[in-house]
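Work through the following exercises with the sequence and the coordinates at hand. Each task is followed by a solution that proceeds step by step.

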Amino acid sequence: MANNAYQLRLQRTLYENFYRSILMDEMGNVIGRLSLIPNIPLGRSQVPENAPHVSANIIVIVEDADVNKDNLIDFEERTSYAILKRFSTEQIAFQQCLFYYPSPKYVGDCGEEEFPGAGFKLTRTLYNNFYGVYFLNADKQPIGDVNVVPNIPLDRSQIPEDAPDVPPYLLALVNSIEGINKKNIIAFENDAEGALVNRFSNPTAQFDHCEMYYPSPAFVFELPDAVIGSNDQPDDIIEL
């Protein structure tokens, strides 16, 4: 693994506990752009006594990479190795990476068919700043689950004076939704975004929008081979 391990160039952003990174192969060629969120368990004093122990992990959002069904496992294994090695310290050892990919709604023949959902149920998790959402049908039965990460800007005292202002927004990591397809994915994402932004916004933080990601391009809606993202460097990064 070490002989052909990926290299990671890490960058801070203007958001709390949120990083962007450039992934390079052993020759130094850029092969991917990622967003990374360390997912740290709550302290034992913050959870019930009988709550299970959970391990620290890192949410990996693959914004841009050449990924297909043939190289997906190798890509995720080598990327995990680079990320876990970079983030683990004497104080905390991250155990695994959880990979998510851009919304497949850009795949052809998307329609506006109504999504058969009715609402959702919000739950806390054993991780800091990480929530579980169960989508419910008209009979109030769960039809899927989504994890939500509120992405909060850093305090102005923690960033350069000339850094731009950025809005708080939500990351929605779609684990499974029954009945979703090319015809109703736009309706699903529009409905889900509106409901989640409204639910999470409060006088302290008015969330601007919700970005959705899915578990793997290898099976979601028969995605084309590559996950294509923007080559432009975002304006919310701070070089480490």
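**Exercise 1.** In this predicted model, decide whether Asp-64 is buried or exposed, and then identify the salt bridge in which its side chain takes part.

*Solution.* Begin with the accessibility: Asp-64 has a relative accessible area of 12%, and since buried means under 20%, Asp-64 is to be classed as buried. Next, look for a partner of opposite charge, which leads to Arg-33, whose side chain meets that of Asp-64 in a salt bridge with an N to O distance of 3.8 Å; this value falls within the 4 Å cut-off that a salt bridge requires. The pair links distant parts of the chain, because Arg-33 belongs to strand S3 and Asp-64 to strand S4 (residues 57-65), 31 residues apart. Finally, classify the partner: Arg-33, at 26% relative accessibility, counts as partly exposed.

**Exercise 2.** Determine with which residues Arg-78 forms salt bridges, and state how these bridges are related to one another.

*Solution.* The underlying principle is that side chains of opposite charge can pair when their charged atoms come close. Applying a search to Arg-78 gives Glu-26, with the closest N and O atoms 3.2 Å apart. Arg-78 lies in helix H1 (residues 72-87), whereas Glu-26 lies in the loop between strand S2 (19-24) and strand S3 (30-39), so this salt bridge ties together parts that are 52 residues apart in sequence. The search also gives Asp-74, for which the closest N and O atoms are 3.4 Å from each other; here both residues sit in helix H1, 4 residues apart, which corresponds to a separation of about one helical turn. Taken together, salt bridges that share partners join Glu-26, Asp-74 and Arg-78 into one network. As for accessibility, Arg-78 is buried at 11%, while Glu-26 is partly exposed at 41% and Asp-74 is partly exposed at 36%. The structure as a whole holds 4 salt bridges, among them those treated in these two exercises.

**Exercise 3.** Locate Asn-128, and establish which residues it touches beyond those up to four places away in sequence.

*Solution.* First place the residue: Asn-128 is found in the loop between strand S6 (119-124) and strand S7 (131-136). Then list its contacts, leaving aside residues up to four places away in sequence, and one obtains Asn-39, Ile-40, Pro-41 and Leu-42. To see what such a contact spans, take Pro-41, which is 87 residues from Asn-128 in sequence, although their C-alpha atoms are 5.9 Å apart in space.

How values were computed: Residues are numbered from 1 along each chain as its sequence is written. This is a predicted model: local features need pLDDT of at least 70, side-chain atom pairs count only at pLDDT 80 or more; totals for chains, interfaces and linings use all residues. Side-chain values use heavy atoms; hydrogens and water are left out. Helices (H or I, at least four residues) and strands (E, at least two) are DSSP runs, numbered from the N terminus. Buried means under 20% relative accessible area, exposed over 50%, partly exposed in between (1.4 Å probe, protein chains only).
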